[in-house]
Amino acid sequence: MGVAEPMPKPYDVVTMGRVGVDIYPLQTGVGLAEVSTFGKYLGGSATNVAVAAARYGHGAAVITKTGADPFGTFIRDALRGFGVGTDFVGTSPGLPTPVTFCEIFPPDDFPLYFYRYPKAPDLDLAADEVDLDAVRAARVFWMTGTGLSEEPSRTATLAALEARGRAAHTVFDLDWRPMFWPEGAGESADGLARGLYREALAHATVAVGNLEECAVATGEREPRAAARALLATGVELAVVKQGPRGVLAVHRDGAEAEVPPVPVEVVNGLGAGDAFGGALIHGLLEGWELDRTIAFANAAGAHVAGELACSDAMPTAAQVEARLRAAAEGPQAPGSQADGPQAPGPQAPGSQPQGSQAPGTQSQGTQGAQRAQGAEA
């Protein structure tokens with residue numbers, strides 16, 4: 001398979017945050033102790049979002065770091081294969097590239113095991129290593145909460161946000177991963193995470209998160225209250241992912257979109273939120289109405305929820321539109337082809353056809369429809 005050439009600079013989309021190698025089992029319904037074969041995939045939330053945006057034809061690059069090891073080489077090769085620029089991928093020679101294992105128990109249980117020791121290179125990113133001109137020039141800058149969890153990445157992330165000057169579209173993916181933070185960081189109004197999230201929100205124009213992440217950022221768990229609290233920080237658009245209840249988006253101009261779950265046979269819920277993010281970026285860049293943007297993003301997440309991997313499974317626009325048509329027409333018969341032609345992308349040797357679940361999806365099973373929470377890698 002050929003390598004897709006990254007778009008020329010300046011990039012439409014620049015993301016900043018986690019990168020790593022996902023080692024996912026090729027057997028489902030069994031624990032890691034019993035798994036015998038695995039697939040190797042590009043991973044990390046901000047990286048997956050860049051891949052998803054590139055699928056729609058947008059020039060995308062990621063600001064991150066890897067170790068000086070074969071997995072770091074794999075990451076660069078995979079990014080280029082997906083058409084994502086590697087201009088801003090640095091190296092931390094003394095740190096290993098992170099790997100992540102998961103267990104797959106559909107429809108709603110996908111335990112993750114992060115190996116980011118002694119420190120992940122993407123958290124070793126210093127402010128003077130960030131190309132602030134590229135951050136300013138991007139039509140979309142996407143950063144994540146994990147980047148705020150530890151120095152020097154924390155200072156680098158805030159510096160990038162400050163450089164944006166709250167230009168549209170500056171997106172804060174709330175991305176709450178408590179295992180990356182000091183114990184108790186997100187448990188109180190005066191906790192470390194709340195303060196840093198508030199500081200980041202002061203520079204953002206769009207905030208995206210699930211209910212737990214919104215609670216960390218604002219203290220609010222009820223969807224509309226969380227959206228109002230996010231808008232009160234000054235963002236233009238608040239997107240609240242409600243898992244099996246769908247997605248709520250509220251704009252400062254009064255526009256609202258509440259999208260119901262998309263039916264999907266869940267294979268692996270990991271990565272669905274990243275697919276949602278890349279599709280949200282697509283809608284923002286295309287200037288779509290809010291309801292169309294959120295419906296498209298929700299369907300993109302549903303597509304990935306029906307697949308095994310994350311980055312490899314990111315859909316094309318044609319596949320998302322096919323998913324929307326299938327949802328409008330009602331349940332599909334098992335084995336029906338609703339996804340359109342499979343998007344090209346690097347595949348791990350022996351990998352299976354992939355699918356996962358969106359932030360607002362409805363899991364279909366032989367015992368009737370089950371609802372499953374969307375999860376993000």
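Here are a few worked exercises on the structure above.

This is a predicted model, so local features need pLDDT of at least 70, side-chain atom pairs count only at pLDDT 80 or more, and totals for chains, interfaces and linings use all residues. Residues are numbered from 1 along each chain as its sequence is written, and side-chain values use heavy atoms, with hydrogens and water left out.

**Exercise 1: the overall picture**

Task: find how many helices and strands the protein chain has, and what share of its residues is buried.

Solution.
- Start with the elements: the protein chain has ten helices and 17 strands. Both are DSSP runs numbered from the N terminus, with helices being H or I of at least four residues and strands E of at least two.
- Next, burial: 60% of the 377 residues are buried. Buried here is under 20% relative accessible area, exposed is over 50%, and partly exposed is in between (1.4 Å probe, protein chains only).
- Then the surface: about 14100 Å² is accessible, and carbon and sulfur atoms hold 52% of that. These areas come from the Shrake-Rupley method with a 1.4 Å probe, and for residues only the protein chains shown count as cover.
- Finally, take the contacts with a separation of 6 or more: 72% of them link residues 24 or more positions apart. A contact is a pair with heavy atoms within 4.5 Å.

**Exercise 2: the nonpolar cores**

Task: pick out the residues with the most contacts inside the largest nonpolar core, then see what V239 touches.

Solution.
- Get the rule straight: a nonpolar core is a set of buried Ala, Val, Leu, Ile, Met, Phe, Trp, Tyr and Cys residues joined through side-chain atoms within 4.5 Å.
- The largest such core has 51 residues, and the best-connected ones inside it are L42, V84, V239, F276, L280, I281 and I294.
- Zoom in on V239: skipping residues up to four places away in sequence, V239 touches A207, V208, G209, V247, L248, A249, F276 and I294.
- There's also a second, separate core of 44 residues, and Y11, A61, A156 and A227 are among its members.

**Exercise 3: the cavities**

Task: count the cavities of 30 Å³ or more and work out what lines each one.

Solution.
- First, the rule: on a 1 Å grid over the protein atoms alone, a cavity is a set of points where a 1.4 Å probe fits but cannot get out, and lining residues have an atom within 4 Å of a point. Grid points are joined across faces, edges and corners, and a volume is the space filled by probe spheres set on the points.
- That count gives two cavities of 30 Å³ or more.
- The largest cavity has a volume of about 90 Å³. Its lining has 14 residues, with R18, D22, G44, T100 and F114 nearest the centre.
- Strand β2 (20-25) and strand β8 (112-115) each supply at least two of the lining residues, and β2 gives the most, with four.
- By class, that lining has seven nonpolar, four polar and three charged residues. Ala, Val, Leu, Ile, Met, Phe, Trp, Tyr, Cys and Pro count as nonpolar, Asp, Glu, Lys and Arg as charged, and the others, Gly among them, as polar.
- The second largest cavity holds about 70 Å³. It is lined by 13 residues, and M16, G17, D122, G147 and S153 lie nearest its centre.
- Two elements give two or more residues to that second lining: β9 (140-144) and α4 (153-164). By class, the second lining has five nonpolar, six polar and two charged residues.

**Exercise 4: backbone oddities**

Task: locate the cis bonds at P107 and P118, then the positive phi values at R166 and D175.

Solution.
- The P106 to P107 peptide bond is cis, with omega near 10 degrees. P107 sits in the loop between β7 (99-102) and β8.
- Y117 and P118 are also joined by a cis bond, with omega about -5 degrees. P118 is in the loop between β8 and α3 (132-137).
- R166 isn't a glycine, yet its phi is positive, about 55 degrees. R166 lies in the loop between α4 and β10 (170-173) and is partly exposed at 29% relative accessibility.
- D175, another non-glycine, has a positive phi near 40 degrees. D175 is in the loop between β10 and α5 (192-201), and is buried at 2% relative accessibility.

Conventions. On a 1 Å grid over the protein atoms alone, a cavity is a set of points where a 1.4 Å probe fits but cannot get out, and a pocket is an open set with protein on both sides within 12 Å along at least five of seven lines; lining residues have an atom within 4 Å of a point.
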